[in-house]
Amino acid sequence: LVATREERNRREDTGKIELLDQMISDLQSELDEEGAQEDELIPQLVKLEDSIRIQNDALAGVQKTLGAILEAGGVAIQELRSRRARLVEIAELNERFHLLDSHYQTDLERLSAIHESGSMFVHLEQKVCPLCGATPHAQHLDSECEGNTEIVVQAADAEMLKIDRLRRELAETVISLGVEQNQLQESLAAFEGQYKTCERELNDIASPAFATERASYNQLIDKRSDVRLSLEKINRLNHLVAQRNNLDIEQPEATGGQTVTKTIVPNNLLDEFSQL
């Protein structure tokens, strides 16, 4: 029974050894194909980390420049939209003010006609009032009845003065809008130039530089990943070899009962010894 148990354990250990040997062989083949050497990979990883930090700083600088250009372009396009909207508003106001001035002109012509006809009526021969029937001696020309032509003329004159003042104020407003309109049109050209400059810098300078720096950064990151993966494979290989050696120590030979240690030597070390 004891012999049977030992035989079963021996077969299990043999199976483990065979599995470990296969895993070690496969992993060693991968490392040999990659040409991975631990004493070379560790310094290489350190250099890659330094290069990544430097490249990251360069990429951050390009990103800062790119951000500044985008911000300037955004300000330019916003100013363009704002000024164009104001120009449309000024054009609409000018149309309304032109229409209002036309109404003022019509009112002045009407009041001027009232003034002229009223002035002529005052100097005519006095007769019976056609409105109230009063005789010339009974008429009260200084009262505020509908037949007081002088008061009507005075009211027309006052209204004409008021409209003249309003027209002057309106004209001043139109002139002010015209000055603002000219300034806005001049500034449009400046902001259009600024936007085109930003667009050209993005197309010719910032975007290609960013793409180049980004590509270099990605290449370094990929290379670091490869180096780390190779180091992980080496660590895993060392761990498997240690497990294999432990099983060799624990596995007695079937004939003599003595323990035999079987050390797995990596192929790259064998190649180095063969060249000595």
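**Entry: a leucine to start from**

I began at Leu 237 and looked up what it touches beyond its neighbours within four places in sequence: Ile 24, Leu 27, Gln 28 and Leu 31 are in contact with it. A reminder to myself before going on: this is a predicted model.

Next I asked which residues have the most contacts inside the largest nonpolar core. Leu 237 turned up again, together with Leu 41 and Val 227, in a core of 20 residues. I then checked where the core residues come from, and α1 (2–34), α2 (38–122) and α3 (149–250) each supply at least two of them. Helix α3 gives the largest share of this core, with nine residues.

I also found a second core, separate from that one, with 16 residues. Leu 80, Phe 97, Leu 188 and Phe 191 are included in it.

**Entry: stepping back to the whole chain**

How many helices and strands does the chain have? I noted four helices and zero strands. Following the sequence from start to end, I wrote the pattern down as α-α-α-α.

I looked up burial as well: 23% of the 276 residues count as buried. The accessible surface of the chain is about 19200 Å², and carbon and sulfur atoms account for 54% of that surface.

Then I turned to contacts between residues at least 6 apart in sequence. Of these, 81% join residues at least 24 apart. I wanted an example of distant parts of the sequence meeting, and Gln 55 gave me one.

**Entry: Gln 55**

I located Gln 55 in helix α2. Is Gln 55 buried or exposed? Its relative accessibility is 14%, and the cut-off for buried is under 20%, so Gln 55 counts as buried.

I then looked for its company in space. Setting aside neighbours within four places in sequence, I found Gln 55 in contact with Glu 213, Ser 216, Tyr 217 and Leu 220. For Ser 216, I noted a C-alpha to C-alpha distance of 7.5 Å from Gln 55, although the two are 161 residues apart in sequence. With Glu 213, the side chain of Gln 55 makes a polar contact of 2.4 Å.

**Entry: a salt bridge between helices**

I moved on to charged pairs and counted eleven salt bridges. I picked out Glu 49 and Arg 224, whose side chains form one at 3.1 Å, N to O. What does this pair tie together? Glu 49 belongs to helix α2 and Arg 224 to helix α3, so the bridge links parts that lie 175 residues apart in sequence.

I checked the two partners for cover. Arg 224 has a relative accessible area of 17% and is buried, whereas Glu 49, at 21%, is partly exposed. The cut-off explains the split: buried means under 20%, so 17% for Arg 224 falls on one side of it and 21% for Glu 49 on the other.

I also noted that the pair has company, as Glu 49, Arg 224 and Arg 228 are linked in a network of salt bridges.

**Entry: salt bridges within helix α2**

For contrast with the link between helices, I looked up two pairs inside one helix. Arg 53 forms a salt bridge with Asp 50, and their closest N and O atoms are 2.1 Å apart. Both residues sit in helix α2, three residues apart, which is about one turn of the helix. I found Arg 53 partly exposed, with a relative accessible area of 48%. Asp 50 is also listed as partly exposed, at 34% relative accessibility.

The other pair is Asp 107 and Arg 110. I noted 3.8 Å between the closest N and O atoms of this salt bridge. Asp 107 and Arg 110 are both in helix α2 too, three residues apart, about one turn of the helix. Their relative accessibilities give partly exposed for Asp 107, at 26%, and partly exposed for Arg 110, at 45%.

How values were computed. Residues are numbered from 1 along each chain as its sequence is written. This is a predicted model: local features need pLDDT of at least 70, side-chain atom pairs count only at pLDDT 80 or more; totals for chains, interfaces and linings use all residues. Side-chain values use heavy atoms; hydrogens and water are left out. A nonpolar core is a set of buried Ala, Val, Leu, Ile, Met, Phe, Trp, Tyr and Cys residues joined through side-chain atoms within 4.5 Å. Buried means under 20% relative accessible area, exposed over 50%, partly exposed in between (1.4 Å probe, protein chains only). Contact means heavy atoms within 4.5 Å. Accessible areas come from the Shrake-Rupley method with a 1.4 Å probe; for residues, only the protein chains shown count as cover. A polar contact is a pair of N or O atoms within 3.5 Å; within protein, one must be able to donate a hydrogen and the other to accept it, and residues adjacent in sequence count only if both atoms are side-chain atoms. A salt bridge is a side-chain nitrogen of Lys or Arg within 4 Å of a carboxyl oxygen of Asp or Glu.
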